[in-house]
Amino acid sequence: MFKKILIANRGEIALRIIRVCRELGIKSVAVYSEADRESLHVKFADEAVCIGPPPSRESYLNIPRIIAAAEITGAEAIHPGYGFLAENANFAEICTSSGLKFIGPSADSISAMGNKSLAKETMKKANVPVIPGSDGVVTKLQDAVDISREIGFPVIIKAVAGGGGKGMRIVRDEAELEKNFIMASTEAEAAFGDPGVYIEKYLEQPHHIEIQVFGDNYGNVVHMNERDCSVQRRHQKLIEESPSPFINAEVRKKMGEAAIKGAKSVNYQGAGTIEFLVDKEHNFYFMEMNTRIQVEHPVTEQVIGRDLIKLQIEIAAGKKLDHKVKNPVGHAIECRINAEDPSNNFRPSPGEITGFHLPGGYGVRIDTHCYAGYRIPPNYDSLIAKLIVYAPDRKSAIDKMAAALEEFTIEGIHTTIPFHKKVMKNELFRAGKYDTSFLDNIILTNKE
Ligand code: ADP
């Protein structure tokens with residue numbers, strides 16, 4: 001087992017990894033930007049190294065400084081968390097060539113899945129159903145027209161390098177295609193440094209259901225069931241749950257098997273997630289693979305009874321996978337508490353937290369790096385806490401979540417807590433009758 005791990009991240013996930021290191025008797029090294037001096041990951045790590053000024057580019061994305069921090073402190077491995085460098089194949093490669101173990105899949109697996117359009121090709125070859133669309137990047141308008149005619153409108157133009165729900169445009173008819181095609185490519189270049197776009201059929205009101213997978217260094221791959229992430233605002237997840245209220249055991253089995261096939265086709269090692277869109281008839285289509293631990297991993301941990309961060313570290317250290325596929329037990333829900341103002345179009349709300357009271361009790365879990373007096377810097381994403389509940393069934397989990405949200409008090413800034421309270425009361429949500437259009441069409445237009 002490693003003696004010392006450097007965590008190339010910040011916020012709740014950095015703290016979460018530090019806690020596991022302590023449990024395993026591994027020393028932890030935090031890296032931080034000048035904006036994060038007062039952050040808990042800096043306080044609770046065994047050592048901490050400042051790696052630069054607030055902008056991510058100069059700190060959390062600065063590969064030479066992170067590698068230097070690992071070398072100075074004598075760390076043997078690097079855990080990238082999620083976001084920042086977690087899906088950067090170049091970073092994984094540099095870690096390896098610097099003699100540091102990258103806690104994640106190989107640079108080759110990351111590359112194979114990093115380009116979303118290439119990833120679809122790979123999955124197609126592995127016989128995993130994919131959303132109908134273009135074979136690879138589309139560069140000419142005429143090709144975009146031909147493909148769209150063939151698969152039928154509406155279509156969605158997506159950036160090959162996209163992420164975080166950004167870089168997508170829905171096109172409902174041919175007249176809108178030219179303008180959107182040019183704009184999508186220009187936006188992709190500006191946001192991701194890659195103008196490549198691809199086209200796929202736009203599914204109406206699908207469910208976003210993803211499968212957690214894990215691979216070891218000996219060719220074993222398992223799946224750990226699904227998470228339903230259909231509660232989204234503008235394609236960004238806000239609430240996740242496991243199991244999904246939409247699929248049954250038979251569909252779960254089929255999706256799980258497809259996910260394992262997909263992961264095996266790229267010799268996958270470590271934690272990964274295969275994201276599917278599922279239509280009303282329960283047909284599922286591969287959308288993309290995330291080659292890292294995800295924000296919403298705790299809902300899986302609760303229903304399968306395993307610490308996934310611990311497993312990531314053990315697998316990276318060479319342990320054999322000892323997990324067998326098993327059905328979820330009980331029900332878990334996660335609400336993402338963001339520093340955003342839901343009554344003002346979810347505008348970011350950084351600043352000082354003046355009062356902070358956490359809910360608690362049986363089945364309530366909170367992963368957060370915040371405390372009273374903490375100042376949320378404006379430089380990073382707005383996630384400030386994850387509230388996770390676990391109960392024997394879905395109804396009790398929703399009731400527990402509603403009760404916990406009632407008690408959760410954050411003063412000084414705006415948060416998404418009032419919004420989550422509203423969702424927990426919504427009859428459609430309570431009945432499990434929601435898809436990816438639910439938030440934008442029902443809750444946010446006050447049609448409930
Ligand atoms: P990102 O990597 O930016 O999160 P994804 O490809 O995972 O992007 O898509 C995010 C969300 O966008 C999905 O969960 C879904 O709600 C919507 N979406 C993406 N592709 C399609 C599609 N072909 N049809 C309908 N909705 C889609």
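## Overall dimensions

For a compact globule of 448 residues one would expect a radius of gyration near 22 Å, and the protein chain, with 21 Å, agrees with that expectation. The model is a predicted one, and along its principal axes the C-alpha trace spans about 60 × 50 × 45 Å. Of the 448 residues of the protein chain, 58% count as buried.

The secondary structure of the protein chain comprises 15 helices and 22 strands. When contacts between residues at least 6 apart in sequence are considered, 66% of them join residues at least 24 apart.

## The eight-stranded sheet

Eight strands make up an open sheet, arranged in the order E13-E12-E9-E10-E11-E14-E21-E19, with antiparallel pairing. Its edges are formed by strand E13 (284-290) and strand E19 (364-368), each of which pairs on one side only, and the twist from one strand to the next averages 25°.

Within this sheet, strand E9 (residues 207-215) and strand E10 (residues 221-233) are joined in the antiparallel sense by six bridges, and Gly 215 has Val 221 in E10 as its bridge partner. Helix H11 packs on the sheet, where it touches E9, E10 and strand E12 (270-278), and the direction of H11 makes about 40° with that of E9.

## Edge strand E19

Although E19 is an edge strand that pairs on one side only, five of its five residues are buried, so the strand is largely enclosed by the rest of the structure. In a regular strand the side chains alternate between the two faces of the sheet. In E19 both faces are covered, with Val 364, Ile 366 and Thr 368 buried on one side and Arg 365 and Asp 367 buried on the other. The pairing of E19 is with strand E21 (residues 383-391), to which it is joined by five bridges in an antiparallel arrangement; within this pair, Asp 367 stands opposite Lys 386 in E21.

Val 364, which lies in E19, illustrates the surroundings of this strand: leaving aside neighbours within four places in sequence, Val 364 is in contact with Pro 359, Leu 387, Ile 388, Val 389, Lys 400 and Ala 404. Of these partners, Ala 404 is 40 residues from Val 364 in sequence, while the C-alpha to C-alpha distance between the two is 7.5 Å.

## Packing of helices H1 and H11

Two packed helices are described by the angle between their axes and the distance between the axes. For helix H1 (residues 11-24) and helix H11 (residues 308-316), the axes come within 9 Å and cross at roughly 65°, and the crossing is right-handed.

On the H1 side, the residues that meet H11 are Ile 13, Arg 16, Ile 17, Val 20, Cys 21, Glu 23 and Leu 24, and their counterparts in H11 are Leu 308, Ile 309, Lys 310, Ile 313 and Glu 314. By class, this contact contains eight nonpolar and four charged residues, with no polar ones. H11 thus has contacts of two kinds in the model, with H1 and with the sheet strands E9, E10 and E12.

## The enclosed helix H10

Helix H10 (residues 297-304) has seven of its eight residues buried, so it is largely enclosed by the rest of the structure. The buried residues of H10 are His 297, Pro 298, Val 299, Thr 300, Glu 301, Val 303 and Ile 304. After H10 comes Gly 305, which has a positive phi near 70°.

## Backbone features in loops

Cis peptide bonds are found at two places described here. One joins Phe 153 and Pro 154, with omega of about -5°, and Pro 154 is placed in the loop between helix H7 (141-151) and strand E6 (155-163). Another joins Ser 242 and Pro 243, also with omega of about -5°, and Pro 243 is placed in the loop between strand E11 (236-242) and helix H9 (249-265).

Positive phi values also occur at residues other than glycine. Gln 205, in the loop between strand E8 (197-201) and E9, has a phi of about 45° and is partly exposed, with a relative accessible area of 34%. His 282, in the loop between E12 and E13, has a positive phi of about 70° and is likewise partly exposed, its relative accessible area being 29%.

Methods. Residues are numbered from 1 along each chain as its sequence is written. This is a predicted model: local features need pLDDT of at least 70, side-chain atom pairs count only at pLDDT 80 or more; totals for chains, interfaces and linings use all residues. Side-chain values use heavy atoms; hydrogens and water are left out. Axes are lines fitted to C-alpha atoms, for helices over the stretch in contact, and angles run from 0 to 180 degrees between N-to-C directions. A crossing is left-handed if the near helix is turned anticlockwise from the far one by less than a right angle, and right-handed if clockwise. Contact means heavy atoms within 4.5 Å. Ala, Val, Leu, Ile, Met, Phe, Trp, Tyr, Cys and Pro count as nonpolar, Asp, Glu, Lys and Arg as charged, and the others, Gly among them, as polar. Two strands pair if DSSP finds at least two bridges between them. The radius of gyration is taken over C-alpha atoms; the globule rule is 2.2 Å times the number of residues to the power 0.38. Buried means under 20% relative accessible area, exposed over 50%, partly exposed in between (1.4 Å probe, protein chains only).
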